[in-house]
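Let's take a walk through this structure together. Have the sequence at hand and turn the view as you read.

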Amino acid sequence: MKALEEKILKEGTVKDGGILKVDNFLNHQIDAPFLMEMGSEIKRLYSDCGVTKILTIEASGIAIAMAAAAQMGIPVLFAKKNRTKNISSDTYCTKVASFTHGIDYDVVVSKSYLTPEDTVLIVDDFLAHGNALEGLADLAKQAGASVAGAAIAIEKGFQGGGDRLRSEGMRIESLALIDDMSDGKITFR
């Protein structure tokens with residue numbers, strides 16, 4: 001998505017350790033009209049897949065997932081990183097390692113919201129090593145749901161997760177795919 005690439009170049013900041021800071025429009029402060037454009041592009045990419053539900057992980061994936069779900073007219077289900085008192089004990093659970101936070105999470109979704117009748121589209125803000133996608137796909141598998149694929153706002157191709165998951169058969173559509181962020185410069189694939 002050319003508009004996203006341009007926005008990253010104009011407003012993004014490259015930090016040490018392979019971090020791209022886009023919190024001024026994507027995952028802290030949200031440019032809602034722009035995210036709706038991104039949601040429209042995700043709808044275009046997956047409109048023929050029979051998707052019944054968007055599946056994401058809290059917290060940064062929720063905004064882009066909501067934009068896609070609003071465009072597609074379907075619900076969003078987000079996996080929670082912490083089991084709270086208001087979550088049923090009847091859940092699917094998987095472990096996800098966070099690249100950004102450097103910790104492992106046990107993520108859960110209620111079994112009442114993810115069923116074998118669902119065809120899910122996994123949506124997230126970033127794809128680095130692919131841990132979140134693998135975890136969300138595992139939750140869908142536990143439920144017997146189908147996975148249409150994944151839609152990612154920004155993929156860091158130089159970290160290899162997307163290429164590996166594609167080689168394993170997962171359909172992944174990234175709106176911006178970065179091949180390199182050396183010396184503070186961003187190169188798109």
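A good place to begin is aspartate 183, which counts as exposed because its relative accessibility is 78%, where the cut-off for exposed is over 50%. You will find aspartate 183 in the loop between β9 (172-180) and β10 (187-188). Its backbone deserves a look as well: aspartate 183 is not a glycine, yet it has a positive phi of about 55°. Please keep in mind throughout that this is a predicted model.

Now let's step back to the whole protein chain. It has five helices and 10 strands. Along the principal axes, the C-alpha atoms of the protein chain fill a box of roughly 45 × 35 × 35 Å. For 189 residues, a compact globule would be expected to have a radius of gyration near 16 Å, and the protein chain agrees with that because its own value is 16 Å. Of those 189 residues, 49% count as buried. If you look at contacts in the protein chain with a separation of 6 or more, 61% of them are accounted for by residues 24 or more positions apart.

Next, find helix α2, which covers residues 32-46. Proline 33 has its place in this helix. Is proline 33 buried or exposed? Its relative accessible area is 59%, so proline 33 is exposed, given that exposed means over 50%. From the C-alpha atom of proline 33 to that of lysine 7 the separation is 13 Å, with the two residues 26 apart along the chain.

From here, follow α2 to its partner, helix α3 (residues 61-72). The axes of the two helices come within 7 Å and cross at roughly 60°. That angle makes α2 oblique to α3, because it falls outside the ranges for roughly parallel (under 35 degrees), roughly perpendicular (65 to 115) and roughly antiparallel (over 145). The crossing of α2 and α3 is right-handed.

Which residues in α2 and α3 meet? On the α2 side they are Leu35, Met36, Met38, Gly39, Ser40, Ile42, Lys43 and Tyr46. Facing them from α3 are Ala63, Ile64, Ala67, Ala68, Ala70, Gln71 and Met72. By type, the residues of this contact of α2 with α3 divide into 11 nonpolar, three polar and one charged.

One last stop is the loop between β3 (53-57) and α3, where alanine 59 is found. Look at the peptide bond that runs from glutamate 58 to alanine 59: this bond is cis, with omega near 0°.

Note on methods. Residues numbered from 1 in each chain as written. Predicted model: local features only at pLDDT ≥ 70, side-chain atom pairs only at ≥ 80, totals over all residues. Heavy atoms only, no water. Helix = DSSP H or I, 4+ residues; strand = E, 2+ residues; numbered from the N terminus. Buried < 20%, exposed > 50% of the residue type's maximum accessible area, 1.4 Å probe, protein only. Axes fitted to C-alpha atoms, helices over the stretch in contact; angles between N-to-C directions. Left-handed = near helix turned anticlockwise from the far one by under 90°. Contact = heavy atoms within 4.5 Å. Nonpolar A, V, L, I, M, F, W, Y, C, P; charged D, E, K, R; others polar. Rg over C-alpha atoms; globule rule 2.2 N^0.38 Å.
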